[in-house]
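Got your viewer open and a selection tool ready? Let's take a walk through this chain, one stop at a time.

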Amino acid sequence: MKRKIPHAYVIIFYIIVFCALLTWFIPGGEYIEQVNTTEEKAMIYQPAESVPQTWQIFSAFYEEFTDKADIIVFILIIGGAFWIVNDSKAFDVGTISFLRSMRKLEKNRLLRNFDIEKLLLISIMLLFSIFGAVFEMSEETIAFCLVLVPMAVSMGYDSITGICMVFVAAGLGFAGAMLNPFTIGIAQGLAGLPLFSGIEYRIFCWVVINSIGFTWIIRYAGKVKKNPELSAVYEED
C-alpha cells in the first residue's frame, strides 16, 4: 500500500500537540522590548510562570484564526484573484502575445543594428522576473518552458538557456519580492509592520539581483551560441 503525505491540517495539529508537550518540560519565559537612554531598542528575556497546555490545543485553531483574521482574509482575496486570472488563461495569452511581438522586432529595420536576440532574452527574463516578484510565480513557469526551450534552441542556444529565461528569471524576481503578498504581506502582517512598507529597499535588491542574474545568463548564452559543444545538454539538444 502506497503511503500518502498527511493533510496540511493534520501536520499542523501534530505540531501543536508537540509544542503543547514541550510546555510541560521547558520553563516559561518571554522577550520584552526595552529602550535604553540612547533610545536603542533591545529585547530582554524575562522568566515567566510555566502554563502547561492540555485542552488548549483544541482551541488553538480558533484563537489563531480570530487573531490573524486580517491576514487570512487578505490571502483568500489575493489567492482567489490569482486563481481567476490563471483559470481564465489571461497570463498565458498575454505572455504568448508578448513573445510574438518581441519576435517581430527582428524584422524591424530601425532595430537591425541592435542585438535583437539579447534584447529578446532580457525582455522575456524581465517579464517572468516581475511575475515572480509580484505574485510568486514558480511552478506555473513549467508550461512556458515547453514554449521557450524550443525557441531558445532554434535561436542557437541550449535548453538550459530556455529554462533560465523562465524558471531562473522567476526565481530571481521572487528573491527580490517587491509586492509578493504570500511572503512580504504575511511576514509584515505577523510582524505588525505597515503592509508593503520598505518597498524602496526591496526594489533596490530586485534590481541588483536581476542585474547579476541576467548578466550571468546572457554571458552563458553567448558562450553556448559561439561553441554549442560547451553546453552540458549538447547531445540531448
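The tour below starts with the whole chain and then moves from one selection to the next.

**The whole chain**

Keep in mind throughout that you are looking at a predicted model. Colour the chain by secondary structure, and you can count nine helices and two strands. Trace the elements from the N terminus and the order reads α-β-β-α-α-α-α-α-α-α-α. If you switch to colouring by accessibility, 27% of the 237 residues of the protein chain count as buried.

**Helix H1 and its surroundings**

Now select helix H1, residues 8–22. Begin with Val-17, which has its place in this helix. Val-17 is partly exposed, because its relative accessible area is 26% and the partly exposed class lies between 20% and 50%. Add Ile-57 to your selection: Val-17 and Ile-57 are 40 residues apart along the chain, yet their C-alpha atoms are separated by 6.5 Å.

Next, move to Leu-22, also found in helix H1. Leu-22 is partly exposed too, at a relative accessible area of 31%. Draw a distance from its C-alpha to that of Gln-53 and you should read 8.8 Å, for two residues 31 apart in sequence.

What does Leu-22 form together with Phe-18, Leu-21, Trp-24, Phe-25 and Ile-26? Show these side chains and a surface: the six form a nonpolar patch, with about 690 Å² of accessible area together. Phe-18, like Leu-22, lies in helix H1.

**The largest nonpolar core**

Hide the surface and go inside. Which residues of the largest nonpolar core touch the most other members? Select Met-125, Phe-128 and Met-165, which hold that place among its 26 residues. Then show helix H5 (116–135), helix H6 (141–154), helix H7 (159–176) and H9, since each of them supplies at least two residues of this core. Give H5 its own colour: the largest share, eight residues, comes from this helix.

**The loop between H6 and H7**

From the core, step to Gly-156, in the loop between H6 and H7. Gly-156 is partly exposed, with a relative accessible area of 29%. Now bring in Ala-221: the C-alpha atoms of Gly-156 and Ala-221 are separated by 8.9 Å, while their positions lie 65 residues apart in the numbering as a separation along the chain.

**The loop between H7 and H8**

Continue to Ala-177, in the loop between H7 and helix H8 (181–191). Is Ala-177 buried or exposed? Ala-177 counts as buried, because its relative accessibility is 5% and the cut-off for buried is under 20%. Check the backbone here as well: Ala-177 has a positive phi of about 45 degrees, although it is not a glycine. Most residues other than glycine have a negative phi, so this kind of backbone angle is worth a look.

**Last stop: a charged patch**

Finish at Glu-229, in the segment after helix H9 (199–226). Glu-229 is exposed, with a relative accessible area of 60%. Which residues make up the negative surface patch here? Select Glu-229, Glu-235, Glu-236 and Asp-237 together, and you have the patch in view.

Technical notes. Residues are numbered from 1 along each chain as its sequence is written. This is a predicted model: local features need pLDDT of at least 70, side-chain atom pairs count only at pLDDT 80 or more; totals for chains, interfaces and linings use all residues. Side-chain values use heavy atoms; hydrogens and water are left out. Patches are made of residues with over 30% relative accessible area and no salt bridge: like charges are joined within 9 Å, nonpolar side chains (Val, Leu, Ile, Met, Phe, Trp, Tyr) within 5 Å. Accessible areas come from the Shrake-Rupley method with a 1.4 Å probe; for residues, only the protein chains shown count as cover. A salt bridge is a side-chain nitrogen of Lys or Arg within 4 Å of a carboxyl oxygen of Asp or Glu. Lys and Arg count as positive and Asp and Glu as negative; His and the chain ends are not counted. The place of a charge is taken as NZ of Lys, CZ of Arg, CG of Asp or CD of Glu. Helices (H or I, at least four residues) and strands (E, at least two) are DSSP runs, numbered from the N terminus. Buried means under 20% relative accessible area, exposed over 50%, partly exposed in between (1.4 Å probe, protein chains only). A nonpolar core is a set of buried Ala, Val, Leu, Ile, Met, Phe, Trp, Tyr and Cys residues joined through side-chain atoms within 4.5 Å.
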